[in-house]
Amino acid sequence: MSLTENLEATVSFMKEQGVGEVEFGLILGSGLGELAEEILVLDKLAKILRKNRIKNGAITFDRSEVRFNLDENNEPIGVYFKISKDSNHLIEEFMLLANRKVSEFVSLTKKGETTGNTFVYRVHDDPNPTKLEALREFVGTFGYKMNLANSKKVAESLNNLLRDVKGKGEENMIETLAMRSMSKAVYSTNPIGHYGLGFEYYSHFTSPIRRYPDLIAHRLLQHYLDGGKSPFAAEYEEYCKHCSDMERLASDAERDSIKFMQVKFMEKHVGEVFEGVISGTADFGFWVEIPENGAEGLIKLRDLMDDSYFHEAKT
């Protein structure tokens, strides 16, 4: 049986068993249900994998995602936040494991030496030192400390920072700034590693139905399993660049669509008063976010008529 046939059989089995994210959540919450014993074991293993990843330098950005309740005309009538739970982490950890192991299988011999095989990697470079220093200075005004001595200390400091700001008014602003201090993850044939995950070799493999880089990885893996020679890397580097560009466009479109729906939702609440948190500052004004729905808007300094204001970048 080929790799593709094996994968198709696995997907069919999961569908037949009816095992998905919701079922995982119910079983983890109650300890009951079909395949409960197996899923509870998987949950324990997932927690071990996650703990080891963090210990080895992975950074845990667990940001909630804005979602909307829609009426029959697809108009937003409510906003809620999707938060990662144990069932999400369970699935995520084994997807990460599969991605990493496939990448290592193609890239390394059994002795741990590099094969030189062309492959599509998901790479994430080290953070920008200038941005990290700016982040350290900024969070210092809130009383948080960061150690930027080396990569491991940076990862520890970021994880401690993200843990310490949980539930506080400055949480979203600091999380956003921390993410902006990171390099952008891209696709490449050059395996420089994935800083955010703490992996030396990593590829996107588990979602070929919705991501083209995963499909390329499947094809290359099957090619190598069939005894094929390594193709020229230059051609695949072009594929990687195109996929990275398209991913950036898709990400921008998703972000714009969320903001569009937030505006449509807030149109119904013009004139109402909400609590807000300053989420960012600039020379010309500051951004305020409404915590209960994630809507954010710019207030320009020139529109504040009650006094004279100016922006101190260092405070």
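Modeller: Quick bit of vocabulary before we start: two strands pair if DSSP finds at least two bridges between them. And keep in mind that this is a predicted model.

Biologist: Okay. How do you know that E6 and strand E7 pair?

Modeller: Count the bridges. E6 and E7, residues 296–300, have five bridges, and the cut-off is at least two, so they count as a pair. Their pairing runs in the antiparallel sense.

Biologist: Which residues stand opposite each other there?

Modeller: Val288 stands opposite Gly297 in E7, and Trp287 stands opposite Leu298 in E7.

Biologist: What makes strand E5 and strand E6 a pair?

Modeller: Same test! E5 (residues 277–282) and E6 (residues 285–289) share five bridges, and at least two are needed. That pairing is antiparallel too. Look for Ala282, which sits opposite Gly285 in E6.

Biologist: What links these strands along the chain?

Modeller: Hairpins. Two residues make the link from E5 to E6, while six residues lie between E6 and E7. In that second turn, Gly294 has a positive phi of about 80°.

Biologist: What order do the strands take in the sheet?

Modeller: E5-E6-E7, in an open sheet of three strands.

Biologist: Why are E5 and E7 said to stand at the edges?

Modeller: Because each has a single partner strand, one side of E5 and one side of E7 have no neighbour in the sheet. The sheet twists as well, by 25° on average from one strand to the next.

Biologist: Now the helices. How do the axes of helix H5 and helix H7 cross?

Modeller: H5 covers residues 129–140 and H7 covers residues 171–180. Their axes come within 9 Å and cross at roughly 165°.

Biologist: Why are H5 and H7 called roughly antiparallel?

Modeller: Set the angle against the cut-off: roughly 165°, where angles over 145 degrees count as roughly antiparallel. H5 and H7 therefore get that label. Their crossing is left-handed.

Biologist: Which residues meet where H5 and H7 touch?

Modeller: From H5, you've got Lys131, Leu135, Phe138 and Val139. They meet Met173, Ile174, Leu177, Ala178 and Arg180 in H7.

Biologist: How many of those contact residues are nonpolar, polar or charged?

Modeller: Seven are nonpolar, none are polar and two are charged. Lys and Arg count as charged, so Lys131 and Arg180 belong in that group.

Definitions and conventions:
Residues numbered from 1 in each chain as written. Predicted model: local features only at pLDDT ≥ 70, side-chain atom pairs only at ≥ 80, totals over all residues. Heavy atoms only, no water. Helix = DSSP H or I, 4+ residues; strand = E, 2+ residues; numbered from the N terminus. Axes fitted to C-alpha atoms, helices over the stretch in contact; angles between N-to-C directions. Parallel < 35°, antiparallel > 145°, perpendicular 65-115°, else oblique. Left-handed = near helix turned anticlockwise from the far one by under 90°. Contact = heavy atoms within 4.5 Å.
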